[in-house]
Amino acid sequence: MASTEWRYTYPLLEEAGLEAWAVDILGWGFSDLATRPPCDVASKREHLYQFWKSYIKRPMVLVGPSLGAAVAIDFSINYPEAVSKLIFIGASVYSEGPKDMTRMPKFVSYAGVFILKSLPLRFLATRLAFNKTPNEFFDWVQIGRLHCLLPWWEDATVDFMIRGGYNVIRQIKQVKHKCLIMWGEDDGIISSKLAYRLHQELPDAILRQVRQCGHIPHVEKPREAVKLVLEFLERDKAEKADGASSVTPVLTNG
C-alpha cells in the first residue's frame, strides 16, 4: 500500500492536535525513483532515517501497518534514539522474507511481481483485507493498485525481493520501546494468534483488538483506530510533560 491508505485516519489525527507524517518507504508507495537506488532493507532504513533527521529531528511515535511493522521494528533497533514509541497494526513480522526468490532467475521474479499488481489479485487482497466489503470496494482496488503502475515499481519490488526482504523475528525481543499492538479481530490475512505471540515477545506492549474489523483498522474503522492511538499516547502524559517524549506519529507503509 501507499500513503493514500491513511486518507481517512490522517485528518482525525490532526483534529486531535497531533503532528502526523505519512511516509512512503523507499521503493514503495509514491516514492520518486526516476533514478532507482537499491531498495533493500538497509536502504529503506537509511532513507527513513534521513527523512527523520531532516524534518522531524526528535523522537517519534512510529506506526507500522502490516509489513510496515517489520519496518518499524528494524528501524527502532538500529536507530532507537529516533523513536519514542511504536504502534503496530495487523503486524506482519513473522515472515522470513521471500528467500526462495533470492535463488530464482530474475524473469521469474518479474512474473511474480506482475501478478502482484494484477486486478484479480488486487480484488482478492482487498476482499480479504476487510471484514465487511466496503461500499467503496472498487475505489479501494484501484487506489491500492495506483503505485504499482509507476514505471519503476516492478524494478524496485524485484530488487527488494531478491535481496531477501524483511526478517525481524530475532529482533522482536530486542525492542525496548513501549508498544501498542492493534489488531482487527476478524483479520483474514494475519492470524490473530500472531498478535498474542507478538504481545508475549515484546518486553513492553499492550494489545488492543478492534471488533468486527479486518486487516486494516485504520482504513475500515478509522475512528476506533485513532481512539486507541490517543489512549495509548495518553498513558504517558506525565512523561510528555517532562519533554522526554514526542507525539509525532509517523505513518509508514509496507
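Student: Which residues are buried in α3?
Tutor: This is a predicted model, and within it α3 runs over residues 68–78. The helix is mostly covered, since nine of its 11 residues are buried. Going along α3, the buried residues are Gly 68, Ala 69, Ala 70, Val 71, Ala 72, Ile 73, Asp 74, Phe 75 and Ser 76.

Student: In the loop between α7 and β4 there is Gln 171; with which residues is Gln 171 in contact, leaving aside its neighbours within four places in sequence?
Tutor: Gln 171 is buried, with a relative accessible area of 16%, which falls under the 20% cut-off for that class. Along the sequence Gln 171 and Ser 76 are 95 residues apart, yet in space their C-alpha atoms are 9.8 Å apart. Once the neighbours within four places are set aside, the residues in contact with Gln 171 are Ile 73, Asp 74, Ile 77 and Asn 78.

Student: Ala 42 lies in helix α2, so how far apart in space are Ala 42 and Phe 75, C-alpha to C-alpha?
Tutor: Ala 42 counts as partly exposed at 39% relative accessibility, whereas Phe 75 is among the buried residues of α3. In sequence Ala 42 and Phe 75 are 33 residues apart. From C-alpha to C-alpha, the distance between Ala 42 and Phe 75 in space is 9.4 Å.

Student: How many aromatic pairs does a search of the whole structure find, and what is the angle between the planes of Tyr 49 and Tyr 79?
Tutor: The search of the whole structure gives 10 aromatic pairs. Tyr 49 and Tyr 79 form an aromatic pair, with 4.0 Å from centre to centre. This pair is classed as stacked, and the angle between its planes is 10°.

Student: Why does the pair of Tyr 49 and Tyr 79 tie together parts that are apart in sequence, and how many residues apart are they?
Tutor: Tyr 49 belongs to helix α2, which covers residues 41–56, while Tyr 79 is in the loop between α3 and β3. Both Tyr 49 and Tyr 79 are buried. Because one ring comes from the helix and the other from the loop, the pair ties together parts whose separation in sequence is 30 residues.

Student: Which residues do ring pairs link into a cluster?
Tutor: Tyr 49 and Tyr 79, the stacked pair, both belong to this cluster. The cluster also takes in Phe 75, which is one of the buried residues of α3. Linked by ring pairs, the members of the cluster are Tyr 49, Trp 52, Phe 75 and Tyr 79.

Student: Over the face of which residue does Lys 44 lie?
Tutor: A charge can be placed relative to a ring, and in one such case the charged end of Arg 7 sits over the ring of Tyr 8, 4.9 Å from its centre. For Lys 44 the distance from the ring centre is 3.8 Å, and the residue whose face Lys 44 lies over is Trp 28.

Student: Of the residues in the largest nonpolar core, which touch the most other members?
Tutor: This core holds 49 residues, and several elements, including α2, β2, α3 and β3, each supply at least two of them. Not counting residues up to four places away in sequence, Leu 198 touches Phe 88, Ala 91, Val 93, Tyr 94, Ile 172 and Ile 181. The residues of the core that touch the most other members are Phe 75, Phe 88, Val 93, Leu 198 and Leu 202.

Student: How many residues are in the second, separate core?
Tutor: The second core includes Ile 87, Val 210, Cys 213 and Leu 228. One of these, Cys 213, is buried, with a relative accessible area of 0%. The number of residues in this second, separate core is 20.

Student: Is Gln 212, which has a positive phi, buried or exposed?
Tutor: Phi of Gln 212 is near 50°, a positive value in a residue other than glycine, and Gln 212 is found in the loop between β5 and α9. Ser 66, in the loop between β2 and α3, likewise has a positive phi, near 55°, and is partly exposed with a relative accessible area of 21%. For Gln 212 the relative accessibility is 53%, and over 50% is the cut-off for the class in question, so Gln 212 counts as exposed.

Conventions. Residues numbered from 1 in each chain as written. Predicted model: local features only at pLDDT ≥ 70, side-chain atom pairs only at ≥ 80, totals over all residues. Heavy atoms only, no water. Phe/Tyr/Trp six-rings, centres within 6.5 Å; stacked < 30°, edge-to-face > 60°. Helix = DSSP H or I, 4+ residues; strand = E, 2+ residues; numbered from the N terminus. Buried < 20%, exposed > 50% of the residue type's maximum accessible area, 1.4 Å probe, protein only. Lys NZ or Arg CZ within 6 Å of the ring centre and 35° of its normal. Core = buried A, V, L, I, M, F, W, Y, C linked by side-chain atoms within 4.5 Å. Contact = heavy atoms within 4.5 Å.
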